[in-house]
Amino acid sequence: MVKEIMGDDNLRADAKANRDRILDVARDALSADPQASLNSIAKAAGVGAGTLYRHFPNRESLVLNVYRKEIDALVALAPSLLVKHLPLAALRLWCDRLARFGRMKHGVADTLHAAMAGQDFQANYQKMLAALGQLMDACKSTGDLAPEADPEDFVMLMSSLWKIPPTQAGETRVKRLMATVFRGMGAKDV
């Protein structure tokens, strides 16, 4: 627990690599099976259960840290997408990543809400809104989104997609509903 509180900056390189690998494996495992055991996650990450528990003393801690890592990745992704793509394409790619994040969140929502303090949620939510706002402002400047399109409205609409089970039929529904969200925000090229 001490290492978790200290954060990534104070971990040795090998410990940080283990921690990152555990989080990546946990994200994928929890997306596939929200009830995936911590031991199966440790095994898939190539570490012992003791290593996993040193970083994440319980399931809630692991889920919360996967959530934080995904939010940080979404925040970092926004400006890099804008450098490489036209604004609307960048927003779509970002939303695809958000939808993948939502699949993981779908099965662990109760655990996540139980583990997260209101202040932690607000801090992560504000970071995500800022990244989305950057993408949406770029789209507005090119006329790809309506001037009144609002990041918080967009997240509210997108959050309904997280309730859709991650099945083949669910994937089809997510694509259809995402196109509806984009049209609702004034995107003409859906």
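Which handedness does the crossing of α8 and α9 have? Let's work up to that one, starting with the overall picture.

What you're looking at is a predicted model, so it helps to ask how confident the predictor was. The chain averages a pLDDT of 85, and 84% of its residues score at least 70. Confidence isn't even along the chain, though: helix α3 (residues 38-45) has the highest mean, at 96, while helix α1 (residues 2-6) has the lowest, at 42. Over residues 1-6, pLDDT stays under 50, and the model has 8 contacts for this stretch beyond four places in sequence. Where pLDDT is low, the predicted coordinates shouldn't be read in detail.

Now for the overall build. The chain has 9 helices and 0 strands, so reading along the sequence you just meet α-α-α-α-α-α-α-α-α. Of the 190 residues in the chain, 43% are buried. And if you take the contacts between residues at least 6 apart in sequence, 68% of them join residues at least 24 apart.

Let's look at one pair of helices, α2 (residues 13-32) and α3. Their axes come within 9 Å and cross at roughly 125°. An angle of that kind falls outside the ranges for roughly parallel, perpendicular or antiparallel, and therefore α2 and α3 are oblique to each other. Their crossing is right-handed. On the α2 side, the residues that meet α3 are R21, I22, V25, A26, A29 and L30, and their partners in α3 are I41, A44 and A45. Sort the residues of this contact by class and you get 8 nonpolar, 1 charged and no polar.

Back to the opening pair. The axes of α8 and helix α9 (residues 168-184) come within 10 Å and cross at roughly 160°. Angles over 145 degrees count as roughly antiparallel, which is why α8 is described as roughly antiparallel to α9. As for handedness, the crossing of α8 and α9 is right-handed. From α8, F154, L157 and M158 make the contact, and from α9 it's M178, V181 and F182. Here the classes come out as 6 nonpolar, with no polar and no charged residues.

Finally, zoom in on a single residue. Is G143 buried, exposed or partly exposed? You'll find G143 in the loop between α7 (118-141) and α8 (151-159). Its relative accessibility is 42%, so G143 counts as partly exposed. G143 and K188 are 45 residues apart in sequence, and their C-alpha atoms are 9.2 Å apart in space.

Key: Residues numbered from 1 in each chain as written. Predicted model: local features only at pLDDT ≥ 70, side-chain atom pairs only at ≥ 80, totals over all residues. Heavy atoms only, no water. Helix = DSSP H or I, 4+ residues; strand = E, 2+ residues; numbered from the N terminus. Buried < 20%, exposed > 50% of the residue type's maximum accessible area, 1.4 Å probe, protein only. pLDDT = per-residue confidence, 0-100. Contact = heavy atoms within 4.5 Å. Axes fitted to C-alpha atoms, helices over the stretch in contact; angles between N-to-C directions. Parallel < 35°, antiparallel > 145°, perpendicular 65-115°, else oblique. Left-handed = near helix turned anticlockwise from the far one by under 90°. Nonpolar A, V, L, I, M, F, W, Y, C, P; charged D, E, K, R; others polar.
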